[in-house]
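Work through these exercises on a ligand site. Each task is followed by its solution.

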Amino acid sequence: MPRQVPVPCRRPRPDAHGEIMQTTQNTEEKALQRAVRAALAAPSIFNTQPWRWRIDGPRARLYADRSRQLLVADPDGRLMTVSCGAALHHGRVALADAGEACDIARMPDPTEPDLLATIRVTGPHEPTLAEMQAAAAINRRRTDRRPFTAQPVGDAICRTLIVAAESEHAHALVVDDSHIAVLGLIAVEAGALQLSDAYYRAELADWTHRPPWSGDGVDTAGAVPAAPRRVPVRDYAPFGGPVMHPGWENDRGARYLLVYTDGDTPVHWLRAGEALSALLLTAVATGLSTAPISDVTELPTTRDQLRTLLPGIGHPQIAVRVGYGPPGEPPPSTTRRLAEEVINPR
Ligand SMILES: Cc1cc2nc3c(=O)[nH]c(=O)nc-3n(C[C@H](O)[C@H](O)[C@H](O)COP(=O)(O)O)c2cc1C
């Protein structure tokens, strides 16, 4: 996919001071408002949407919302931070598509660890074709847990996905066919160990049976029952509830990628989330369906086993399944919180 095709800049350049400066500031703030609203569609662990945004003139600040951290599945807040990284990337893509350049400061204040990033609009920008395609994919992307078809995902597309992750200062590895059984066994073990833990079951029940007004959580309607496939997906409906029909496919053509990082600190987790978002949006832009898989990384034992697929090269953060979805309707879209609850909340 071409990545650097310039198109005309969408924002007129200011040519005087005073009123025009004011207009520019308003334009920047409005662009940030729109970009941050677009970022509400980002994927997040259990659809917790663990973020808060503060917009102040040409600057937006992204905070982790620790009240939304999964204390059992994610005691360190790693996947909470990965989720916030995905939101940060969504916001950046929407801003670029709107013709705004920006500077990002990640973890800018050591005394404020929940302040994950600031985005400062710096001036006009000519969006690339890749940025426009990624922005257009934001509202088409949804996690599809159904098995994908036998149509193979080609090596060239996989390379594009790796480049997308690398451009966000993280990495992606395509799991070799001969290692998919290992990934499958790790996923089986992760599922069994987690479901045998009463605290995990309580956390899962909480986030899969949210009241309709909450605008968060994973409804069982987005879950699929067990189906014959090489790598099982997390069971979001072990307590019953209406689920999606899994269809008749079995993931034969699917590929699995591991997003990994050089280090394992909060800033690496944030970068991993940005890379995850870049990978997902690029995949959707090329016509693929996608599903993140993080249960394999949630327990230290299974995360260590996953490291055997990355011998000495980095820290696994999350896996992703990509493939061609079954024909017919896409999976239902997942609910989101209201913008007023997330952007400049009181
Ligand atoms: C860090 C992270 C971890 C996730 N882990 C899983 C997972 O293990 N299994 C799964 O089916 N979906 C997983 N997801 C997808 C979320 O459940 C999904 O993004 C959320 O429910 C919102 O739905 P949407 O992606 O369709 O917008 C994960 C997403 C993120 C960002």
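The exercises below go from the shell of residues to contacts, cover and domains.

This is a predicted model, where local features need pLDDT of at least 70, side-chain atom pairs count only at pLDDT 80 or more, and totals for chains, interfaces and linings use all residues. Residues are numbered from 1 along each chain as its sequence is written, and side-chain values use heavy atoms, without hydrogens and water.

**Exercise 1.** Describe the shell around the ligand.

Solution. Take residues with a heavy atom within 4 Å of the ligand. There are 22, and Arg141, Thr143, Arg145, Ser294 and Arg336 are the closest. Next, sort by element (DSSP runs: helices, H or I, at least four residues; strands, E, at least two). Helix H2 (78-97) and strand E7 (289-293) each give two or more residues. H2 has the largest share, 3 residues.

**Exercise 2.** Find polar contacts of the ligand (pairs of N or O atoms within 3.5 Å).

Solution. Start with the ligand's oxygen atoms. One is 2.6 Å from a side-chain N or O atom of Thr143. Arg234 offers a side-chain N or O atom 3.0 Å from a ligand oxygen. Then take nitrogen: a ligand nitrogen lies 3.4 Å from a polar backbone atom of Pro292.

**Exercise 3.** How much of the ligand's accessible area (Shrake-Rupley, 1.4 Å probe) does the protein cover?

Solution. On its own, the ligand has 610 Å². The protein covers 98% of that.

**Exercise 4.** Place the ligand relative to the domains (bounds from an automatic or database assignment).

Solution. Domain 1 (21-139) and domain 2 (155-323) both contribute shell residues, so the ligand lies between them.

Key. A polar contact is a pair of N or O atoms within 3.5 Å; within protein, one must be able to donate a hydrogen and the other to accept it, and residues adjacent in sequence count only if both atoms are side-chain atoms. Accessible areas come from the Shrake-Rupley method with a 1.4 Å probe; for residues, only the protein chains shown count as cover.
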